[in-house]
Amino acid sequence: MANTSLKRFDPFAELNALQQQFFSDDWFTPFKGISMPTTDVYTDEKNNQLIVEAHLPNFSENDIDVHMENGALVVQAQKHEREEDKDKKYVVRESSSNFYRRIQLPERANTDKIEARLDEGVLKVTVPLQELPAPKKIAITAGKNQKK
């Protein structure tokens, strides 16, 4: 009788391999040195507000657009640079950077008083939160045929 070893089938083996490749240092090697913009969203319970911080280095206030769209806060940034240099071998050198985040705001957000400020590459959007009205209690009365 031949000695055969059985190997357990793992249906997720390929998925695990892709995940390891994606999160390993080798996967991001071409992107080392490029900083990816991050966004922090948190609540400040003390001041009753929602804070959105978008880290946008190298963007100016003219490159950034903050607006409301269907109950969501939309932050967009776009920078396009064009350089022409006749002394070099290329005619035109272009680069562009884009950023987009859409954050659904809670029902109690006071959208009329939202403020945005850009300070040293960090866009801070402050969304005041208002108290929601307490649920209204509706009295129930007994019908004609019901005993009291």
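Buried is taken here to mean under 20% relative accessible area, exposed over 50%, and partly exposed in between, with a 1.4 Å probe and protein chains only. This is a predicted model, in which local features need pLDDT of at least 70 and side-chain atom pairs count only at pLDDT 80 or more, whereas totals for chains, interfaces and linings use all residues. Residues are numbered from 1 along each chain as its sequence is written, and side-chain values use heavy atoms, with hydrogens and water left out.

**Overall architecture**

The protein contains one helix and seven strands, and along the sequence these follow the pattern α-β-β-β-β-β-β-β; helices (H or I, at least four residues) and strands (E, at least two) are DSSP runs numbered from the N terminus. Of the 148 residues in the protein, 17% are buried. The protein exposes about 13,000 Å², of which carbon and sulfur atoms supply 50%, the areas coming from the Shrake-Rupley method with a 1.4 Å probe. Where contact means heavy atoms within 4.5 Å, 43% of the contacts between residues at least 6 apart in sequence join residues at least 24 apart.

**The four-stranded sheet**

An open sheet is formed by four strands in the order β1-β2-β7-β6, with antiparallel pairing, two strands being counted as paired if DSSP finds at least two bridges between them. Its edge strands are β1 and β6, each of which pairs on one side only. Neighbouring strands of this sheet are turned by 20 degrees against each other on average, direction ignored; the axes are lines fitted to C-alpha atoms, for helices over the stretch in contact, and angles run from 0 to 180 degrees between N-to-C directions.

Strand β2 is joined to β7 by seven bridges in an antiparallel arrangement, and Leu 50 stands opposite Val 127 in β7. The antiparallel pairing of β1 with β2 extends over six bridges, with Val 41 opposite Val 52 in β2. Strand β2 is mostly covered, since six of its seven residues are buried.

**Core and contacts**

The largest nonpolar core, a set of buried Ala, Val, Leu, Ile, Met, Phe, Trp, Tyr and Cys residues joined through side-chain atoms within 4.5 Å, has 17 residues, and those with the most contacts inside it are Leu 56 and Leu 123. The elements giving two or more residues to this core are β2, β4 (72-84), β5 (92-104) and β7. Beyond its neighbours within four places in sequence, Leu 123 is in contact with residues including Val 52, Leu 56, Ile 64, Val 75 and Leu 118.

Thr 126 lies in strand β7 (residues 122-128) and counts as buried because its relative accessibility is 17%. Leaving aside neighbours within four places in sequence, Thr 126 contacts Gln 49, Leu 50, Ile 51, Lys 113, Ile 114 and Glu 115.

**Two residues with positive phi**

Most residues other than glycine have a negative phi. Two loop residues with positive values are set out below.

| Residue | Phi | Loop | Relative accessibility |
|---|---|---|---|
| Asn 48 | near 55 degrees | between β1 (39-44) and β2 (49-55) | 22% |
| Glu 120 | near 50 degrees | between β6 (115-119) and β7 | 78% |

Asn 48 takes its positive phi in the hairpin of β1 and β2, which has four residues between the strands. With a relative accessible area of 22%, Asn 48 is therefore partly exposed, whereas Glu 120, at 78%, counts as exposed.
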